[in-house]
Amino acid sequence: MALPVEPPVRPMLAKLQTSLPDAEGWLYEPKWDGFRAIVFRDGNSVRMVSRDQRDLNRYFPELEPVMRAALPDRCVVDGEIFVVEDGHLDFDALGQRIHPAESRVRMLAGKSPAGFIAFDLLALDDADLRTRPASDRRIALEHLLPAAREPADADGVPTPLEAVLTPQTQEASRTTLWLGGIAESGIEGVIAKRADQPYLEGDRAMIKVKIRRTVDCVVGGYRLSKAGDGVGSLLLGLYSGGALHYVGHTSSFKAAERRELLERLRPLEGEGAFGRGRSPGGPSRWNRGAAEAPWVGLRPELVCEVSYDRFEHERIRHAATFLRWRPERRPEDCTVEQTAPGRG
């Protein structure tokens, strides 16, 4: 390749905040649930590179002809690769594509093809655009790609096997639609960037606000901290079909709280609450074969409220944040139905 911007390029990142800036000079976009990718195209050569500099061509071969058809001959575009399952962007299905067997990757590419949502333009022809304002880069990108469907629409999920441009607005009030109950379509939150901002590689120069929900969970076990003198994480469960199923963990505790928690939980140690349902420690493609620490089962008597961003494939996808104890809640009332769309 002979582009004005060549790999490695570190994507510009966003810092997490609880609210969006509401002032002139800000641009707002949906935060899509996918794999970050910078796409380099030079003639017939297309290279897709992940945030950690992994070559993604091998895992998404169906996107190479899409990029050739959609992008100009020489350009560098920042965006998100996604996969759609059952009418929404599915991160778990996306993760299945990171597989060592080429035959499985190609099978999944045919069954659930990926798509690409672009949100920044780093280079075009011989011009390096990274020092240009974000608003200028956006205008240039609008001339290159068709707009994605508005995520607030009922059918606002992007279409696979296409490269499209993410929606953008200058009105902070419009983002309430993106944050209010449409996460099931595949939106994680909202990104805010300054209109006059250059592309700052590797810097957390943007702002992100993520959709958060709350759920009351039964504490069915715990893992010790690395030091062994406190609780490292609480293991969370929800009832379904009469059994308590493991759905995730929370580990957002200070050192003193970890020791206090251990004293509180020890009287409840006994036969594991997850004995009849799905238990912690099952295989996961995300731990890359690493052994998980042993866990201690508890009688299912304690209930806590946690916040989380996504509930997908019968579990909380990322670590939940502990909010408070719920002594007034009956454990058996903590069911998976709490996580249904529109709840919490």
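This note comments on selected backbone, side-chain and cavity features of a predicted model.

1. Cis peptide bond. The bond joining Pro-7 to Pro-8 is cis, and its omega is near 5°. Pro-8 belongs to the segment before strand 1 (13-16), so a reader who inspects this bond should look ahead of that strand.

2. Positive phi at Gln-53. Gln-53 is a residue other than glycine with a positive phi, near 70°. Gln-53 sits in the loop between strand 4 (45-50) and helix 1 (63-70). Its relative accessibility is 29%, and Gln-53 therefore counts as partly exposed, the class that lies between buried, under 20%, and exposed, over 50%.

3. Positive phi at Asp-125. A positive phi is also found at Asp-125, again a residue other than glycine, with a value near 55°. The loop that holds Asp-125 runs between strand 7 (114-124) and strand 8 (127-128). Asp-125 has a relative accessibility of 44% and for that reason counts as partly exposed.

4. Burial of Asp-90. Is Asp-90 buried or exposed? Because its relative accessibility is 4%, Asp-90 counts as buried; the cut-off for that class is under 20%. Asp-90 is placed in the loop between strand 6 (88-89) and helix 2 (91-95).

5. Surroundings of Asp-90. The Asp-90 side chain reaches the backbone nitrogen of Ala-93 at 2.9 Å. This separation is within the 3.5 Å limit for a polar contact. When neighbours within four places in sequence are set aside, the residues in contact with Asp-90 are Val-83, Glu-85, Glu-312 and His-313.

6. Cavity count and volume. How many cavities of 30 Å³ or more are there? The count comes to 1. The largest cavity holds about 50 Å³ of space.

7. Cavity lining. The lining of the largest cavity is made up of Leu-27, Glu-29, Phe-119, Asp-120, Leu-121, Ala-134, Arg-137, Arg-138, Gln-168 and Lys-193. At least two lining residues come from each of strand 2 (26-32), strand 7 and helix 4 (134-142). Sorted by class, the lining comprises 4 nonpolar, 1 polar and 5 charged residues.

8. Points for inspection. For the backbone, the items raised here are the cis bond from Pro-7 to Pro-8 and the positive phi values of Gln-53 and Asp-125. For side chains, the item is buried Asp-90, with its reach to the backbone nitrogen of Ala-93. For internal space, the item is the largest cavity, of about 50 Å³.

Note on methods: Residues numbered from 1 in each chain as written. Predicted model: local features only at pLDDT ≥ 70, side-chain atom pairs only at ≥ 80, totals over all residues. Heavy atoms only, no water. Helix = DSSP H or I, 4+ residues; strand = E, 2+ residues; numbered from the N terminus. Buried < 20%, exposed > 50% of the residue type's maximum accessible area, 1.4 Å probe, protein only. Polar contact = N/O pair within 3.5 Å; in protein donor to acceptor, adjacent residues only side chain to side chain. Contact = heavy atoms within 4.5 Å. 1 Å grid on protein atoms, 1.4 Å probe; cavity = no way out; pocket = protein on both sides within 12 Å on 5 of 7 lines; lining within 4 Å. Points joined across faces, edges and corners; volume = space filled by probe spheres on them. Nonpolar A, V, L, I, M, F, W, Y, C, P; charged D, E, K, R; others polar.
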